[in-house]
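Notebook open, model loaded. I'm jotting down what I look up as I go.

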Amino acid sequence: MSVSSRPVIGICAVRERARWAFWNQDAHLVADTYVAPVHRAGGVAVLLPIDARAPLELLDRIDGLMLIGGADLDPASYGAPRDPATESFYPDRDVFELAIVRAAIEREMPVLAICRGMQILNVAFGGTLEQNLVAADGSNPHRKTVGTFDGNEHTVNLAPGSLAAEAVGEDVHIARCHHHQAVLDLGDGLVVTGRAESDGVTEAIELADGGWVLGVQWHPEADDRSRLFGALV
């Protein structure tokens, strides 16, 4: 446990070009939509910058780990050729997050993995990804409108008694999605505990043998009513 009396949640950051005040520079970023609910739940949010050396001693300073949404994974990370539909990816971020999530789970640390984070979790256990999730008409049913969560709601059925259902507080959940990739082959040691009602796409995964490790394909940070951050804290 960290020295703080409040649980410290390490949030893996994104490295992107950003503008503020007079500056336009590369920055390590975490959206406030991830930070604010951790604070509201009584936790302390700490940003974890991408580091090619994967300083796993960072885990000594935190009590829980959060992997957030963002760019696609490099298909090479799960042994697949790149599909033309795969969008921008950042191999250094992949390497860092794969290393830190494996180490966190080895330490039996609570982990919440959101959207891309769930895909990282799956790949960390040897799973693969569907690089372009499309319907028969060529549309993307899980990212109907790019850049917004409005209109991207899905009904997700969660396995009763699962960590996902307990963390969310219900077995049927209205989730706000924004993804064009999804779990293809499930990683060893993981179990699917949530699926989209409309097409059966995997929406929640967790450890088969227990432990507080949960991946959700939807975006709880886009829902002020979500109980997931409070469950993690």
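Leaving aside neighbours within four places in sequence, which residues is Val191 in contact with? I get Leu186, Ala204, Ile205, Glu206, Leu207 and Ala208. Note to self: this is a predicted model.

**Val191, continued.** I placed Val191 in strand E11, residues 190-196. I then checked one partner from that list, Leu207: it sits 16 residues from Val191 in sequence, and the C-alpha to C-alpha distance is 6.1 Å. Buried or exposed, or in between, for Val191? Its relative accessibility is 32%, so I put it down as partly exposed.

**Asn140.** Next I went to the loop between strand E7 (129-130) and strand E8 (153-158), where I found Asn140. I logged Asn140 as buried because its relative accessibility is 14%, and the cut-off for buried is under 20%. What does its side chain reach? I found the backbone oxygen of Leu133 at 3.5 Å. A polar atom of the same Asn140 side chain also lies 3.1 Å from the backbone nitrogen of Arg143. Skipping residues up to four places away in sequence, I have Asn140 touching Leu133, His179 and His180. Leu133 therefore turns up in my notes both for the polar contact and in the list of touching residues, with the cut-off for touching being heavy atoms within 4.5 Å.

**Helix H2.** I looked at residues 91-106, which make up H2 with its 16 residues. From first C-alpha to last I get 23 Å, close to the 22 Å expected at 1.5 Å a residue. I listed its buried residues: Arg93, Asp94, Phe96, Glu97, Leu98, Ile100, Val101, Ala103, Ala104 and Ile105. Charged side chains are among them, including Arg93, Asp94 and Glu97. Just past the end of H2, I noted Glu108 with a positive phi of about 60°.

**Helix H3.** How many of the nine residues of H3 (116-124) are buried? I counted nine of the nine, so H3 is largely enclosed by the rest of the structure. The names I wrote down are Arg116, Gly117, Met118, Gln119, Ile120, Leu121, Asn122, Val123 and Ala124. After H3 comes Gly126, and I read a positive phi there too, near 90°.

**Surface patch.** Last stop: which residues make the nonpolar surface patch of about 430 Å²? I have Trp20, Phe22 and Trp23. Trp20 belongs to strand E2, residues 14-20. I marked Trp20 as partly exposed because its relative accessibility is 39%.

Terms used. Residues numbered from 1 in each chain as written. Predicted model: local features only at pLDDT ≥ 70, side-chain atom pairs only at ≥ 80, totals over all residues. Heavy atoms only, no water. Helix = DSSP H or I, 4+ residues; strand = E, 2+ residues; numbered from the N terminus. Expected span 1.5 Å × (residues − 1). Buried < 20%, exposed > 50% of the residue type's maximum accessible area, 1.4 Å probe, protein only. Polar contact = N/O pair within 3.5 Å; in protein donor to acceptor, adjacent residues only side chain to side chain. Patch = residues over 30% accessible without salt bridge, like charges linked within 9 Å, V, L, I, M, F, W, Y side chains within 5 Å. Areas by Shrake-Rupley, 256 points an atom, 1.4 Å probe, with all protein chains shown as cover. Salt bridge = Lys/Arg side-chain N within 4 Å of Asp/Glu carboxyl O.
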